[in-house]
Amino acid sequence: MTPTAVNPQSIEQAAALLRQGKLVAIPTETVYGLGADAANPEAVAKIFAAKGRPADHPLIVHMAYALQIKDWAIDIPEAAWQLAREFWPGPLTMVLRKKASVPLAVTGGQDTVALRVPNNPVALWLLRVFGGGIAAPSANRFGRISPTLAQHVADELGDAVDCILDGGPCSVGLESTIIDLTDSQPTILRPGRITRSQLEEVLQTPVSLKSQHKIRAPGMLAAHYAPGTPAYLCEPGSLLNEFDALCAQGKQVGVLAFSPELSELPCEHLLHLPHEAEAYEAALYSALRKLDSFGLDSILVEQPPAIEEWAAVNDRLGKATL
Ligand code: TXA
Ligand code: MG
């Protein structure tokens, strides 16, 4: 499936495919999504088949307008409207109690539903023409790196998808922040561009962060958002030593770095990303895909600082590395 240029005809055609229960890959500001009509359980089932995703993993429902929260959720707290006013359209997903009418196929059998209004003109155009909600996970095979270009979707999902709308590169490049609003205390389930401090400032209440322990036991690796090549996180100070040691063993090594000191590393497969967190985020997934495509023995990833600005990157790198 080659990506389709966006114009009034292709948007109408994509909406028609969704109404027929087909799959449409859509650009969002975070990553490309693999979309289906969220009100049609058979269409939603095709998403799980195309991704190879376990059926108990819930999907995000994308909407054109914040007011559509009422079509999908009940017991909507004031906090949801506050966050919608401040951050939608944008890279924030809210988990709320689901309406009885929301298919369990969308929510992975849970009584909650995840909702988001994406900030991408193509996604919003399609959502408005389609009229309903579009259930969409990231448009990659389960456990792999999310796509940030239409071509990534084409490479990975091929003909399992009926249309790929080409919206160019995703501007944010990392998946949305997910906040659970179903408890008295809001909890971040996945960090993203919208930070904990930003959420706390709007809500005027503490927001907790679901702890994510990295499983280190062999065979139980938390491999998600992961390249196929083994990737390792290295402190900036130890990366050079690791690199030399692997090269001495005759290994083919790729390096993903951002600090100026590593920009001259004599490595054929060095990708040097911006030092600034937002620009790094936008470039990260393409860089990991590129390094993965070289068929190397290993990839060394320079560890960013453990500060809030880099929280989303650190979360994804933790999952992409061994
Ligand atoms: O930026 C994004 O969020 C992208 C674009 C396409 O919108 N989507 C995305 O979807 O990253 P996916 O399926 O790869 O990740 C969705 C996450 C999963 O970790 C899932 O567990 C969580 O959302 N989720 C969905 N519904 C949930 C629910 N009811 N309760 C808790 N977590 C939920
Ligand atoms: Mg995903």
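These are my notebook entries on salt bridges, one enclosed strand and the surroundings of ligand 1 in a predicted model.

**Entry 1. Salt bridges**

I began with the total and found eleven salt bridges in the structure. I then looked up several of them individually.

I took arginine 97 and aspartate 111 as a starting pair; their closest N and O atoms are 3.8 Å apart. This pair links distant parts of the chain, 14 residues apart. I located arginine 97 in strand β6, residues 92-98. Aspartate 111 belongs to the loop between α5 (104-107) and β7 (112-116). For arginine 97 I noted a relative accessible area of 29%, which places this residue in the partly exposed class.

Next I turned to helix α8, residues 196-203, which holds both arginine 196 and glutamate 200. These two side chains form a salt bridge with an N to O distance of 3.8 Å. I recorded their spacing as four residues, about one turn of the helix. Both partners are partly exposed: arginine 196 has a relative accessible area of 34%, and glutamate 200 has 27%.

I then examined aspartate 315 and arginine 316, whose side chains meet in a salt bridge at 2.8 Å, N to O. Are these partners buried or exposed? Aspartate 315 counts as buried because its relative accessibility of 11% is under the 20% cut-off. Arginine 316 is buried as well, with a relative accessible area of 1%. I also noted that salt bridges with shared partners join Glu175, Asp315, Arg316 and Lys319 into one network.

**Entry 2. Strand β16**

I asked how many residues of strand β16 are buried. Five of the five are, so the strand, residues 298-302, is largely enclosed by the rest of the structure.

I checked the two faces separately. In a regular strand, side chains alternate between the two faces of the sheet. In β16, I found Ser298, Leu300 and Glu302 on one side, with Ile299 and Val301 on the other. All of these residues are buried, and both faces of the strand are therefore covered.

I next looked up the strands paired with β16. Strand β13, residues 231-234, runs parallel to β16 and is joined to it by four bridges. Within this pairing, leucine 233 has valine 301 as its bridge partner. Strand β14, residues 253-257, also runs parallel to β16, again with four bridges. Here I noted glycine 254 opposite isoleucine 299.

**Entry 3. Surroundings of ligand 1**

I listed the shell around ligand 1 and obtained 20 residues, the closest being Thr30, His62, Thr112, Ser176 and Arg190. By type, I recorded ten nonpolar, six polar and four charged residues in the shell.

Which strand supplies the largest share of this shell? I found that β7 does, with four residues. Strands β4 (60-62), β7 and β11 (187-190) each contribute at least two residues.

I then looked up contacts between oxygen atoms of ligand 1 and side-chain N or O atoms. For histidine 62 the distance is 2.6 Å. For serine 176 the distance is 2.6 Å. For arginine 116 I recorded 3.1 Å. Finally, I noted how far the ligand is covered: on its own, ligand 1 has 670 Å² of accessible area, and the protein covers 87% of this.

Methods:
Residues numbered from 1 in each chain as written. Chains lettered and ligands numbered in written order. Predicted model: local features only at pLDDT ≥ 70, side-chain atom pairs only at ≥ 80, totals over all residues. Heavy atoms only, no water. Salt bridge = Lys/Arg side-chain N within 4 Å of Asp/Glu carboxyl O. Buried < 20%, exposed > 50% of the residue type's maximum accessible area, 1.4 Å probe, protein only. Pairing = 2+ DSSP bridges. Near = heavy atom within 4 Å. Polar contact = N/O pair within 3.5 Å; in protein donor to acceptor, adjacent residues only side chain to side chain. Areas by Shrake-Rupley, 256 points an atom, 1.4 Å probe, with all protein chains shown as cover. Nonpolar A, V, L, I, M, F, W, Y, C, P; charged D, E, K, R; others polar.
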